[in-house]
Amino acid sequence: MSLPVRRERSFGIIGGLSPIADADLLSKLIEATERHPDAGQFEIVFEQRPFARSHGPSAADTARMLYIFNRIDSFKARGIGTVVLPCFLSHTFMEELKENSPLPIADMIEVLRGHVRSMVPKRRRIGVLTSAPLRESALFERYFGPDEFELLYARPRDGLDLVTEAVYGKNGIKSGSRSGYSIELLREACADLIGQGAQLLLPGVTELALVVNELAQGAVPLLDPHRVYAQHLVADPAAEVERPFKLGVVGGVGPAATVDFLDKVVRNTPATRDQDHLRLLVEQNPQIPDRTEHLVGDGMDPTLALYATCKKLQAGEADLIAIPCNTAHAFVEAIQSELDIPIMNMLTVTVKHIREMFPALRKVGLLATSGTISSGVYRRALEDHGLQEVVPSPPLQGRVMNAIYGPQGVKAGFTSAESVADVDAAIDELAVQGVEVIVLGCTELPLLMSEPERVTAKGNRVTLVDPTDILAKRCVSAAMMWSRR
């Protein structure tokens with residue numbers, strides 16, 4: 001019999017936006033952890049800094065947004081797992097926060113919505129106790145859609161907004177007062193909502209969590225938003241937290257090939273607007289030692305530089321790594337075992353694509369650097385799928401290397417007729433040997449051979465397979481699968 005595992009979790013509470021109410025959430029979160037000892041061990045960090053409130057709605061929202069982001073950044077540096085944000089007003093820009101936060105944010109209103117669903121299974125008429133600015137922002141309509149909920153708001157009395165006055169008035173709750181006048185205003189608002197047919201009352205201003213016990217009436221349930229939020233966090237701190245997919249790219253191997261790969265990622269992404277495209281983190285590091293020089297000569301070993309670059313992508317929250325360099329894949333096996341995120345292997349996905357597209361195929365031509373050929377990475381991948389690798393003769397391989405590394409080659413920034421002629425000569429030789437499919441196994445070669453087919457001097461038609469394009473498509477597919485999880 002295995003013993004239960006005690007999980008260690010960490011919460012970072014962003015304080016300072018409503019100090020009195022923030023302290024209430026902290027107290028209820030501590031209470032929830034003490035009441036659920038089997039849920040695991042918890043680290044709770046409460047951070048509150050001086051918050052300079054700006055004048056004007058737009059400036060105030062911006063100041064609040066930047067304040068929150070800086071607190072999240074601080075939590076990230078301290079290794080905190082989940083951000084806790086007990087502020088309704090800040091949820092008006094929750095979408096922007098989630099899109100840019102390096103940490104998952106437990107969305108308080110999403111939690112409350114789920115709780116309301118469980119309490120009121122059908123015909124949900126919810127009375128929301130909130131301030132005039134939040135009501136006008138349509139915040140609750142974003143979360144509580146009309147297909148499931150009917151939202152009710154307390155009606156003004158003699159032009160006085162009851163909840164706004166009770167919270168923000170001269171002696172309101174936000175000032176630290178719990179005067180009888182404020183409580184009576186809130187009770188009047190509750191009675192009005194019940195009179196409108198509310199089945200449940202939902203406090204929609206952070207400070208109202210402080211006076212829930214004084215407002216509770218037996219007829220209709222009144223939620224304590226902080227207690228519901230705290231209990232949910234302890235039960236499942238990451239529930240319903242979404243984070244967009246991010247592709248990490250080892251760039252600079254070579255630089256032009258990296259640009260070509262990024263272009264193919266963009267072109268292969270189904271998108272109708274900027275926001276539909278993938279998040280990309282590119283570590284452009286042309287100083288990674290030349291892979292071919294190490295594999296066929298006495299050049300510096302690039303393994304550590306490649307690994308260090310991948311580690312930077314991992315630290316940058318990448319979910320998948322792409323290396324648009326065929327020769328670099330001779331070092332991938334050693335690197336992958338030390339990483340926490342996968343590398344999309346360009347060679348294996350290319351060979352799988354060939355096998356699927358040409359099921360009767362037996363021989364595959366390979367145009368690549370001498371380092372890639374000598375490493376045997378493509379040969380082994382092809383053999384695993386019952387395919388035979390065919391490479392150019394030494395003189396023609398010399399011409400392929402000239403097209404890549406020569407003074408007028410692609411790595412020097414040229415796509416001259418001489419380089420194209422060198423590659424065409426190698427294609428002609430492979431075609432004579434009966435090869436009908438050729439892999440452009442160096443990421444610079446598609447810059448010379450952009451068409452998917454080539455007709456040789458003797459009239460043979462050859463299909464050219466571009467691993468960069470296949471890698472881009474597979475990365476986009478991985479991102480689409482992530483978004484549907």
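Colleague: In this predicted model, are phenylalanine 88 and phenylalanine 140 buried or exposed?

Modeller: Phenylalanine 88 and phenylalanine 140 are both buried. That word calls for a relative accessible area under 20%.

Colleague: Let's turn to the rings. How many aromatic pairs does the structure hold?

Modeller: There are three aromatic pairs. One of them joins phenylalanine 11 and phenylalanine 42.

Colleague: Why is the pair of phenylalanine 11 and phenylalanine 42 called stacked?

Modeller: Two values settle that. The centres are 5.7 Å apart, and rings pair if their centres lie within 6.5 Å. The planes stand at 15° to each other; since planes under 30 degrees apart count as stacked, the name follows.

Colleague: What makes this a link between distant parts of the chain?

Modeller: Phenylalanine 11 belongs to strand E1 and phenylalanine 42 to strand E2, with their positions 31 residues apart.

Colleague: How do you know whether phenylalanine 11 is buried or exposed?

Modeller: Its relative accessibility is 0%. Buried means under 20%, so phenylalanine 11 counts as buried.

Colleague: And phenylalanine 42, what is it called, and why?

Modeller: Phenylalanine 42 has a relative accessible area of 22%. Buried ends at 20% and exposed begins over 50%, so phenylalanine 42 is partly exposed.

Colleague: Back to phenylalanine 88 and phenylalanine 140: why is their pair called tilted?

Modeller: The ring centres are 6.0 Å apart and the planes meet at 40°. Stacked needs under 30 degrees and edge-to-face over 60, so this pair is tilted. The two rings also come from distant parts of the chain: phenylalanine 88 sits in the loop between strand E3 and helix H3, phenylalanine 140 in helix H6, 52 residues apart.

Colleague: How do you know that arginine 71 lies over the face of tyrosine 67?

Modeller: Arginine 71 is 4.8 Å from the ring centre of tyrosine 67. The limit is 6 Å, and the direction must also fall within 35 degrees of the ring normal.

Colleague: Now the sheet. What makes strand E6 and strand E7 the edge strands?

Modeller: The open sheet has the order E6-E5-E7, with parallel pairing. Strand E6 and strand E7 each pair on one side only.

Colleague: How do you know that E5 and E7 pair?

Modeller: Four bridges join strand E5 to E7. Pairing takes at least two bridges, so these strands qualify. Valine 128, for example, has leucine 202 in E7 as its bridge partner.

Terms used:
Residues are numbered from 1 along each chain as its sequence is written. This is a predicted model: local features need pLDDT of at least 70, side-chain atom pairs count only at pLDDT 80 or more; totals for chains, interfaces and linings use all residues. Side-chain values use heavy atoms; hydrogens and water are left out. Buried means under 20% relative accessible area, exposed over 50%, partly exposed in between (1.4 Å probe, protein chains only).
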